[in-house]
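Reader: Before we turn to particulars, could you take me through this model with the cut-offs stated as each term comes up?

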Amino acid sequence: MSGVKRKRYVLNVKQKLEILQKHDNGESASTDAEDVLNEGNTISHSAALQSVETLLDYMGQRGFDYGDITAVRKICVDIRQEMNKQ
């Protein structure tokens with residue numbers, strides 16, 4: 001994947017301290033860094049659903065395997081269930 005630029009996220013000092021304090025208190029810090037970075041980068045359920053439905057269209061046009069399409073449809077169902085919970 002040469003030529004593909006990935007956005008690099010860096011924790012600020014305050015975020016690092018919060019994670020270290022949680023770790024010192026015995027809390028799991030394994031996914032805390034990712035959670036902190038994603039706080040401002042959340043995607044709405046409707047935007048996620050639209051993206052997955054676009055992917056389904058693409059998969060249908062390209063003749064993907066039925067099992068793969070079924071797995072992606074399951075993701076649509078899961079997103080809709082999450083939307084209904086809120």
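Author: Buried means under 20% relative accessible area and exposed over 50%, with partly exposed in between, using a 1.4 Å probe and protein chains only. This is a predicted model, in which local features need pLDDT of at least 70 and side-chain atom pairs count only at pLDDT 80 or more, while totals for chains, interfaces and linings use all residues. Residues are numbered from 1 along each chain as its sequence is written, and side-chain values use heavy atoms, with hydrogens and water left out.

Reader: Which pattern does the protein follow along the sequence?

Author: Helices (H or I, at least four residues) and strands (E, at least two) are taken as DSSP runs, numbered from the N terminus. By that assignment the protein has 4 helices and 0 strands. Read along the sequence, the pattern is therefore written with helix symbols alone, α-α-α-α.

Reader: Which residues of helix 4 are buried, and within what arc do they fall?

Author: The buried residues of helix 4 are I69, V72, C76 and I79. The arc is taken from the directions from the helix axis to the C-beta atoms. Seen down the axis, these residues line one face of helix 4, because they fall within an arc of 75°.

Reader: What is the reach of helix 4 from its first C-alpha to its last?

Author: The expected span of a helix is 1.5 Å times one less than its number of residues. Helix 4, residues 66–85, has 20 residues, for which 28 Å is expected. Close to that expectation, the reach from the first C-alpha to the last is 29 Å.

Reader: Which residue caps the N-terminal end of helix 4?

Author: A polar contact is a pair of N or O atoms within 3.5 Å; within protein, one must be able to donate a hydrogen and the other to accept it, and residues adjacent in sequence count only if both atoms are side-chain atoms. At the N-terminal end of helix 4, a side-chain oxygen lies 3.0 Å from the backbone nitrogen of G67. The residue that supplies this oxygen, and so caps the helix under that definition, is D65.

Reader: What do the buried residues of helix 3 pack against?

Author: Helix 3 has A48, L49, V52, L56 and M59 as its buried residues. They cover an arc of only 100° around the axis, which puts them on the same side of helix 3. With contact meaning heavy atoms within 4.5 Å, these buried residues pack against helix 4.

Reader: Which residues does I69 touch, not counting residues up to four places away in sequence?

Author: I69 is found in helix 4 and counts as buried at 13% relative accessibility. Its C-alpha lies 6.6 Å from that of L56, although the two are 13 residues apart in sequence. Leaving out residues up to four places away in sequence, I69 touches L56, M59, G60 and F64.

Reader: How are the rings of Y58 and F64 classed as a pair?

Author: Rings of Phe, Tyr and Trp (its six-membered ring) pair if their centres lie within 6.5 Å, and planes under 30 degrees apart count as stacked, over 60 as edge-to-face and the rest as tilted. By this rule the count comes to 1 aromatic pair. The rings of Y58 and F64 have their centres 6.1 Å apart and their planes at 55°, so the pair is tilted.
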